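Please load the coordinates in a viewer and show side chains as sticks. The tour below proceeds by selection, from charged pairs to the nonpolar interior.

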Amino acid sequence: MAIGAGNKVEGGCLCGAIRYTVTGPEMFTSQCCCKDCQKATGTGHTTIIGLRREQLDLRGDPKTYTNGGDTGGKVTRHFCGECGGRLYTTGDLPGDEVLILQAGSLDDPNVVSPESVIYVKDAPSWDFFDPDLPKFEAMQPRER
Ligand SMILES: [Zn+2]
Ligand SMILES: [Zn+2]
């Protein structure tokens, strides 16, 4: 499944203080097992959707947390200050216009399906992934 070009889907945090509309198409959907995703979500992996920033129409004012990312830049995670619900992540490297949306924040997460598993080097031994999906030790190489 994928968000078709020009299609709009809705999402938001657990308490509803922050809502958004995403306009398709997404660039990718992956399962990310990196350590930071584990710590930020308290789960074995998180399901992420790659978008360009202008594809997210945000209503509300998320809190943020910034730390150093794997690729050398800074990574900022945006979440609801009321309920703690994770929403999306942005980077600060020049030309980095990708926004990483948390698939579980969509009202209907079934509009997408993961195409790969990334950062499998960090995955906990008890987490399970679709054996048919391509797996990458770290970031998935892709052309912009
Ligand atoms: Zn909330
Ligand atoms: Zn991650």
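Select Asp-36, which is partly exposed at a relative accessible area of 29%. This is a predicted model. Now add Arg-77 to the selection: the two residues form a salt bridge in which the closest N and O atoms are 4.0 Å apart. The pair links distant parts of the chain, since Asp-36 belongs to helix H1 (residues 35–41) and Arg-77 to strand E7 (residues 74–79), 41 residues apart. Is Arg-77 buried or exposed? With 9% relative accessibility, Arg-77 counts as buried, because the limit for that class is under 20%.

Next, select Asp-107 and Arg-19. Their side chains meet in a salt bridge of 2.7 Å, N to O. Asp-107 sits in the loop between strand E9 (98–102) and strand E10 (116–118), whereas Arg-19 is in strand E2 (residues 19–23), so the pair ties together parts that are 88 residues apart in sequence. Both ends are partly exposed: Asp-107 has a relative accessible area of 48%, and Arg-19 has 25% relative accessibility.

Move on to Glu-10 and Arg-59, a salt bridge whose closest N and O atoms are 3.2 Å apart. Here strand E1 (residues 8–12) supplies Glu-10 and strand E5 (residues 56–59) supplies Arg-59; the two residues are 49 residues apart, and the pair links distant parts of the chain. Glu-10 is partly exposed, at a relative accessible area of 32%, as is Arg-59, at 37%. The count of salt bridges in the model comes to five.

Now hide the charged pairs and turn to the nonpolar side chains. In soluble globular proteins, such side chains tend to be buried together. Which residues touch the most other members of the largest nonpolar core? Select Tyr-20, Val-22, Ile-49, Leu-56, Leu-101 and Leu-106, which do so within a core of 18 residues. Colouring by element of secondary structure is useful at this point: E2, strand E4 (46–52), strand E8 (86–91) and E9 each give two or more residues to this core.

Centre the view on Leu-101. Leaving aside neighbours within four places in sequence, Leu-101 is in contact with Tyr-20, Val-22, Thr-47, Ile-48, Ile-49, Leu-51, Leu-56, Leu-87, Tyr-88 and Leu-106.

For the last stop, select Phe-28, Cys-37, Ile-118 and Tyr-119. They are among the nine residues of another core, which lies apart from the largest one.

Terms used
Residues are numbered from 1 along each chain as its sequence is written. Chains are lettered from A and ligands numbered from 1 in the order in which they are written. This is a predicted model: local features need pLDDT of at least 70, side-chain atom pairs count only at pLDDT 80 or more; totals for chains, interfaces and linings use all residues. Side-chain values use heavy atoms; hydrogens and water are left out. Helices (H or I, at least four residues) and strands (E, at least two) are DSSP runs, numbered from the N terminus. Buried means under 20% relative accessible area, exposed over 50%, partly exposed in between (1.4 Å probe, protein chains only). A nonpolar core is a set of buried Ala, Val, Leu, Ile, Met, Phe, Trp, Tyr and Cys residues joined through side-chain atoms within 4.5 Å. Contact means heavy atoms within 4.5 Å.
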